[in-house]
Amino acid sequence: MSNSFPCFTRLEHLRQYVYEMLCQQEHLEPGVFPMTERVLVRSGDPCGIYFCLHGPRSVKCTAIWETETNSILFYGASGERFLRTHLTAAPALQNAA
């Protein structure tokens with residue numbers, strides 16, 4: 001359930017990775033379905049990003065990039081976590097907000 005340790009220096013690359021992993025899990029064609037995101041805030045400071053892939057028939061798959069442990073938690077359409085990816089490097093969230 002754990003993945004390798006990718007390195008992302010740009011937020012666009014992290015977004016693309018999340019999008020591709022969610023599409024792969026649910027067997028969705030990349031580029032067809034939209035993904036939204038929201039910056040998560042704790043005590044006034046950004047602490048992560050919530051990603052949601054909106055698939056067909058109201059199917060939603062999500063991922064949360066949590067900056068404290070620098071990992072991404074992936075959840076399938078059923079709500080069960082299917083993957084945890086630890087990052088060796090990630091973009092600064094303050095620049096992304």
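**Exercise 1. Find the accessible surface of the protein chain and the share that belongs to carbon and sulfur atoms.**

Solution. The accessible surface of the protein chain comes to about 5,700 Å². Of this surface, 50% belongs to carbon and sulfur atoms. Keep in mind as you work that this is a predicted model.

**Exercise 2. Test the overall dimensions of the protein chain against the rule for a compact globule.**

Solution. Start with the expectation: for 97 residues, a compact globule would have a radius of gyration near 13 Å. Next, take the value for the protein chain, which is 13 Å, so the two agree. For the extents, the C-alpha trace spans about 35 × 30 × 25 Å along its principal axes. Then turn to burial: 36% of the 97 residues count as buried. Now look at contacts with a separation of 6 or more: 40% of them come from residues 24 or more positions apart. Finish with the charges: the mean positions of the 8 positive and 9 negative charges lie 3 Å apart.

**Exercise 3. Write down the order of helices and strands in the protein chain, then work out how β2, β3, β4 and β5 are joined.**

Solution. First, count the elements: there are 2 helices and 5 strands. From the N terminus on, they run α-β-β-β-β-β-α.

Now go through the pairs step by step:

- β2 (45-54) and β3 (60-66) run antiparallel and are joined by 7 bridges. Here L53 has C61 in β3 as its bridge partner.
- β3 and β4 are joined by 5 bridges and also run antiparallel. T62 has Y75 in β4 as its bridge partner.
- β4 (residues 71-75) and β5 (residues 81-86) are antiparallel too, with 5 bridges between them. L73 stands opposite R84 in β5.

Strand β3 thus appears with β2 and with β4. As for its cover, β3 has 5 buried residues out of 7, so that the strand is mostly covered.

**Exercise 4. Locate the positive phi values in the three hairpins.**

Solution. A helpful background point is that most residues other than glycine have a negative phi. Take the hairpins in turn.

The hairpin of β2 and β3 has 5 residues between the strands, and R57 takes a positive phi near 55° there. S58, in the loop between β2 and β3, has a phi near 60°, again a positive value in a residue other than glycine. Are these two residues buried or exposed? R57 is exposed, with a relative accessible area of 74%. S58 is exposed as well, because its relative accessible area is 67% and the cut-off for exposed is over 50%.

The hairpin of β3 and β4 has 4 residues between the strands, and N70 in its turn has a positive phi of about 50°. In the hairpin of β4 and β5, with 5 residues between the strands, G79 in the turn has a positive phi of about 95°.

**Exercise 5. Describe the surroundings of V18.**

Solution. Begin with its place: V18 is in helix α1 (residues 11-26). How accessible is V18? Its relative accessibility is 0%, so V18 counts as buried. Now list its partners, leaving aside neighbours within four places in sequence: V18 is in contact with M35, F51, A63, I72 and F74. Finally, pick out M35, which is 17 residues from V18 along the chain; the C-alpha atoms of the two are separated by 9.6 Å.

Methods. Residues are numbered from 1 along each chain as its sequence is written. This is a predicted model: local features need pLDDT of at least 70, side-chain atom pairs count only at pLDDT 80 or more; totals for chains, interfaces and linings use all residues. Side-chain values use heavy atoms; hydrogens and water are left out. The radius of gyration is taken over C-alpha atoms; the globule rule is 2.2 Å times the number of residues to the power 0.38. Buried means under 20% relative accessible area, exposed over 50%, partly exposed in between (1.4 Å probe, protein chains only). Contact means heavy atoms within 4.5 Å. Accessible areas come from the Shrake-Rupley method with a 1.4 Å probe; for residues, only the protein chains shown count as cover. Lys and Arg count as positive and Asp and Glu as negative; His and the chain ends are not counted. The place of a charge is taken as NZ of Lys, CZ of Arg, CG of Asp or CD of Glu. Two strands pair if DSSP finds at least two bridges between them.
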